[in-house]
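Work through the exercises below with the model open. Try each task before reading its solution.

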Amino acid sequence: MVYIKEFRLTTGRDSLQKITAEINETVKESKITNGTVIVETAHSTAGILKVTSFGEEVLEDIVKEMRRIVPARINYIHQDSPENAAGHIKSSLFGSSLSLIVKDGRLLCEGKQEICFADYDGPRERTYSVCVMGE
Amino acid sequence: MDRKNYDNSLLRQSLRLEEYVNIVYRNVLPQVNKIPVKEIWDAQKIFITGCGDSWLAGIAAKPAFESITKKETYAIRAIEFSRILNNKNLGYSPNTPLVILISFSGTASRVIEGAKRAVEHGANTIAITANPDSPLAKTCHHCIDVGLPKDGEYQPGLITYNASMLTLFMIALRIGRVRNSITPLEYESMHKELLDYTSRCQKEVEGYAERAFEIAQKWKDLKAEDFIGDYADFATAYFGSAKVIECFGGYTTYDDSEDWCHINYFLLEPEKIGRVVTVNKTTPSFGRVLETIDAVKILKSPCMIVTDANKSEFPEDMEVFTVPSAKYFWMHPFMQHIPFDLVAGYIGELKGVKSFRQDDPKYNTDICNNRLKSGTEIKII
């Protein structure tokens, strides 16, 4: 069985927004107890990340470190804007989809890790999709 | 009197404005997005220059630039830019400015001279023109062709004024996007509002025309028209004043609400002077403009007010044109010139005067190039 749901959200600048609750909700709605979940965003300057649920400061560190690795420079060949050009690279490097395991009707990572929507060129109106597959 | 017998160019242009705004928008967007990020990042200040309506478009767009880009912006007369402005403004690193030069023909002598001067001193330059093969386009580092259809009706200037202003707004948005002085959400919202605001105003033009014709009949024999507007609305006041001269060679003056109270207030025979006030709810000096309007009432001048504020804010016997409000204050000059443009167009027709005095051969003299033809050489300073 396959169950797909789309979500909308308004992001902030350099935002990592937790979406674990929405994914859990979708798994419950799907009534699938064992299988996999794919979370994906089709935006090219956004991403889906799995991070530790241990403290907000880790999220801040992740955002800052990403900026150090891929700074918003003015000399990218893609000339939309420095933030946008860096955003495309971050999206490619850090990924725009995740695969997760569902066991006994729950995410295997539940309680230990959070799923986040990352916007590298926000704030914007964004979407992501959750696809639950299994039995 | 049947309004249909007094058709005129400004009316025809107003009725097709949305169509032309959409054409320019589609043409300009990909060109504006090619302005290099480095040049936008270099710009420590912004100069906008041109002659006539082109310069007025710069005045109209200055609040947009300041609000969106957070950069010092100067709408400067072509003669001042080309001959008077101190060189230190034009290229001392790291003070590299962005210079935007506007000429639809691309052949305006003083604007070309300004472009040469800016390039020679190391400034980054962008031409806004309808002629990408023109000397101005070839002198500047970048050319934005507004892409207006060649067979359009553009005199007296109305669509060209909007095309210049729209292109300037879009450059400001590009700068804001690149420099992150506006968020991507604001960027998208402002782009959308440019077209939505145009559409809302376009729906009102037929109604404006009806009232403009009534006012034109009452005002056609007045001695002069006097325009009042502050900050972003000052461009609308100035543009209206220009249309008085272009459409029927009338006497006219313009000022902001403060200086008007110090100077134009004292004009002789005020009851024979039509006063045109542009003011919006967001105008920072709204209260001062209301005081000015009270003075106009005491003087018994016929008065027309273009505003997005409630009619009840103004004296009852004044002609209040309540116009749609824009989501962003800096957009108001984009559409608020239309009501008086229509009045000017109708007065010209009622008086039987041809625009730009084409009914009199002495106004066809080539006043710009006489000395050049006799050998005076322009030296770039």
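## Exercise 1: Two residues with positive phi

Lys70(B) counts as partly exposed, because 13 other C-beta atoms lie within 10 Å. (The cut-offs: buried means 20 or more other C-beta atoms within 10 Å, exposed means 12 or fewer, partly exposed is in between; C-beta atoms are placed from the backbone.) This is a predicted model: local features need pLDDT of at least 70, side-chain atom pairs count only at pLDDT 80 or more, and totals for chains, interfaces and linings use all residues. Residues are numbered from 1 along each chain as its sequence is written, while chains are lettered from A and ligands numbered from 1 in the order in which they are written.

**Task.** Find the place and phi of Lys70(B), then do likewise for Phe356(B).

**Solution.**
1. Lys70(B) sits in the loop between H4 and strand S2 (72-77) of chain B. (Helices, H or I with at least four residues, and strands, E with at least two, are DSSP runs numbered from the N terminus.)
2. Its phi is near 60°, a positive value in a residue other than glycine.
3. Phe356(B) belongs to the loop between H15 and helix H16 (370-373) of chain B.
4. Phe356(B) is not a glycine, yet has a positive phi of about 55°.
5. Phe356(B) has 15 other C-beta atoms within 10 Å, so it is partly exposed.
6. Most residues other than glycine have a negative phi, and most peptide bonds are trans.

## Exercise 2: Cis peptide bonds

**Task.** Which residues does a cis peptide bond join in chain A, and which in chain B?

**Solution.**
1. In chain A, Gly122(A) and Pro123(A) are joined by a cis peptide bond, with omega about 5°.
2. Pro123(A) is in the loop between strand S7 (113-119) and strand S8 (125-134) of chain A.
3. In chain B, a cis bond links Gln155(B) to Pro156(B), with omega about -10°.
4. Pro156(B) is in the loop between strand S5 (142-145) and H8 of chain B.

## Exercise 3: Two helix pairs

Two packed helices are described by the angle between their axes and the distance between the axes.

**Task.** Classify the pair H4(B) and H8(B), then the pair H10(B) and H15(B).

**Solution.**
1. The axes of helix H4 (residues 53-69) of chain B and H8(B) come within 9 Å and cross at roughly 25°. (Axes are lines fitted to C-alpha atoms, for helices over the stretch in contact; angles run from 0 to 180 degrees between N-to-C directions.)
2. H4(B) is therefore roughly parallel to H8(B). (Under 35 degrees is roughly parallel, over 145 roughly antiparallel, 65 to 115 roughly perpendicular, and the rest oblique.)
3. H4(B) and H8(B) cross in a right-handed sense. (Right-handed: the near helix is turned clockwise from the far one by less than a right angle; left-handed: anticlockwise.)
4. The contact of H4(B) with H8(B) divides into 14 nonpolar, 6 polar and 2 charged residues. (Ala, Val, Leu, Ile, Met, Phe, Trp, Tyr, Cys and Pro are nonpolar; Asp, Glu, Lys and Arg are charged; the others, Gly among them, are polar. Contact means C-beta atoms, placed from the backbone, within 7 Å.)
5. Helix H10 (residues 205-219) and helix H15 (residues 338-351) of chain B have axes that come within 8 Å and cross at roughly 50°.
6. H10(B) and H15(B) are therefore oblique to each other.
7. Their crossing is right-handed.
8. The contact of H10(B) with H15(B) has 15 nonpolar, 1 polar and no charged residues.

## Exercise 4: The chains and their contact

**Task.** How many residues does each chain give to the contact, and which elements of chain B take part with two or more residues?

**Solution.**
1. Chain B has 16 helices and 10 strands.
2. Chain A has 3 helices and 8 strands.
3. The contact takes 10 residues from chain B and 11 residues from chain A.
4. On the chain B side, helix H3 (37-42), helix H8 (159-179) and helix H9 (184-202) each give two or more residues.
5. H3(B) gives the largest share of that side, 3 residues.
6. By class, the side of chain B that touches chain A has 6 nonpolar, 2 polar and 2 charged residues.
7. Buried residues make up 52% of the 381 residues in chain B.
8. In chain A, 35% of the 135 residues count as buried.

Methods
Two residues are in contact if their C-beta atoms, placed from the backbone, lie within 7 Å.
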